[in-house]
Amino acid sequence: LNIKQSHIYLPLIRRFRKKRLCHLVGHKFHAYHRSQGVNNDGNDGDKNSGKSGDTVESEASSSSSSSTIQAVPTPESLYQLAAVLISSKDLNVHDLLPHLLPSNKEIRDQRKVQELFILERAKNLGKISLGVTPEEKVKRNAERRLKQMQHKRDCDAASLYNQKFGILCGMFAIGAWDAAVEYINYLKSTGANPNGDSRVIRASCSFCRTLLVDAYKLLPLELNPSCLNLSKVNSNSNHTATNNGTSSSNATHEIFDELASLIGPVLSFIGEGISVDTVLFSKVCRLLRYIVHKLPNVFCKQTQKEWIEKIIVNVLLPGLAMVNPGNAGMANELWGLLKLFPFGERYRAYAKLKSELYSLRTPLVLRRAQIVEASRNKLRRLASETIKKQGRHLGKLALSNPVVVFTTILDQVEVYDNMIPTV
């Protein structure tokens with residue numbers, strides 16, 4: 001099935017029984033979590049009759065784990081095929097889920113293990129073991145790094161072979177946002193956390209970039225240098241620009257009128273995961289900056305203003321906190337947007353980031369502990385001779401997490417009075 005031409009095939013598919021369609025698609029998914037060399041006797045349907053929900057899924061997962069020889073990732077085209085059928089209401093997602101792996105219980109267990117590992121890692125940062133020899137300390141650090149690498153490999157493997165999250169990625173790939181919202185609500189009701197899956201976040205970021213294409217092309221040159229089109233220089237470029245300029249003003253307002261409310265729900269789902277896509281982060285900052293600064297009629301609308309504030313507080317600020325320290329470009333893009341807001345609104349957003357988000361979101365809990373530990377290490381080495389070097393290191397940390405760094409500095413100064421002249 002050609003996904004791009006699905007509107008041609010769907011009327012033909014609707015001539016067949018919908019009940020059979022679910023089993024056909026489910027059989028294709030079974031081929032990627034069961035061994036090709038093991039013969040199935042075809043009595044699974046009779047054995048599972050009268051069972052539903054997690055019971056069928058757990059039995060399917062246990063039988064597949066015992067018969068799997070070598071796992072093969074499910075192709076993206078199959079995910080997109082299922083997403084097309086689900087979004088067109090030709091396939092009920094609840095009928096397809098028993099055919100998918102892992103089971104709801106396994107997804108909940110994986111989420112619990114990942115969150116406990118992150119929280120335990122954040123808790124152990126900054127601990128000092130007394131009476132430990134340097135050799136033991138080096139050995140413990142090596143074991144800790146090896147454990148973190150193994151945990152990352154396990155998470156990547158779990159994400160790659162998670163067919164239920166793969167369906168969600170397929171929905172993002174075809175742009176079926178309404179169907180994705182319903183599916184996300186179902187996954188969350190079962191205890192899953194699709195926001196914490198790296199593959200889902202990348203797919204949602206890619207979907208959000210497609211929503212910004214038309215609006216981003218209309219930005220002025222100072223915000224979108226790609227409009228310069230330096231590779232194609234001709235004598236008619238000025239004439240073309242003037243003609244387009246007179247006709248694009250109305251189109252600009254139409255596109256930007258509902259832009260914040262259009263991308264707001266998608267960005268709210270992405271959350272701090274936007275840090276994996278720096279291009280999307282920069283585009284969102286530039287588009288919102290243009291709306292706030294150049295389109296006051298759009299920004300004055302209550303709905304658009306609320307969505308812009310939500311995007312800044314719940315997405316951009318946490319996203320900046322999750323990037324690698326020292327990324328001055330992303331910090332500059334966000335500051336170009338924040339400086340357009342009054343003093344009180346800016347510090348209200350900083351207060352929410354400090355008091356709520358750093359404590360409620362698991363990735364931010366770990367990031368805060370990492371920045372606090374790194375800041376304290378730099379402050380321990382701070383002296384009149386090393387103030388420039390250590391100051392540069394603290395400045396890099398403060399680019400992405402200024403609230404955490406400045407709070408740590410103030411706490412250290414309150415405890416050690418001799419640091420006041422140096423700081």
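V84 lies in helix α5, which spans residues 76–87. The model is predicted. In this model V84 is buried, with a relative accessible area of 6%. A173 is 89 residues from V84 in sequence. In space, the two C-alpha atoms are 10.0 Å apart.

Aromatic pairing was examined next. The structure holds 9 aromatic pairs. One of them joins F299 and F341. Their rings meet edge-to-face, with 5.9 Å between centres and 80° between planes. This pair links distant parts of the chain, 42 residues apart. F299 belongs to helix α15 (residues 296–299). F341 sits in the loop between α17 and α18, the latter covering residues 343–360. F299 has a relative accessibility of 14%, under the 20% limit, and therefore counts as buried. F341, at 8% relative accessibility, is buried because the value falls under that limit as well.

A further aromatic pair is formed by F343 and Y347. Here the geometry is tilted: the centres are 4.5 Å apart and the planes lie at 35°. Both residues are in helix α18. They are 4 residues apart, so about one helical turn separates them. F343 counts as exposed because its relative accessibility, 56%, is over 50%. Y347, at 46%, counts as partly exposed. Elsewhere, ring pairs link F172, W177, F207 and F269 into a cluster.

Helix packing was described for α16 and α17. Two packed helices are described by the angle between their axes and the distance between the axes. Helix α16 runs over residues 302–322 and helix α17 over residues 328–338. Their axes come within 10 Å and cross at roughly 155°. Angles over 145° count as roughly antiparallel, and α16 and α17 are therefore roughly antiparallel to each other. The crossing of α16 past α17 is left-handed. From α16, the contact is made by I312, L316, L317 and L320. From α17, the contributing residues are M330, A331, L334, L337 and L338. The residues of this contact comprise 9 nonpolar, no polar and no charged.

Taken with the aromatic pairs, the loop after α17 carries F341, whose ring pairs with that of F299. Helix α18 then holds the tilted pair of F343 and Y347. Accessibility separates these residues: F299 and F341 are buried, F343 is exposed, and Y347 is partly exposed.

Methods. Residues numbered from 1 in each chain as written. Predicted model: local features only at pLDDT ≥ 70, side-chain atom pairs only at ≥ 80, totals over all residues. Heavy atoms only, no water. Axes fitted to C-alpha atoms, helices over the stretch in contact; angles between N-to-C directions. Helix = DSSP H or I, 4+ residues; strand = E, 2+ residues; numbered from the N terminus. Parallel < 35°, antiparallel > 145°, perpendicular 65-115°, else oblique. Left-handed = near helix turned anticlockwise from the far one by under 90°. Contact = heavy atoms within 4.5 Å. Nonpolar A, V, L, I, M, F, W, Y, C, P; charged D, E, K, R; others polar. Phe/Tyr/Trp six-rings, centres within 6.5 Å; stacked < 30°, edge-to-face > 60°. Buried < 20%, exposed > 50% of the residue type's maximum accessible area, 1.4 Å probe, protein only.
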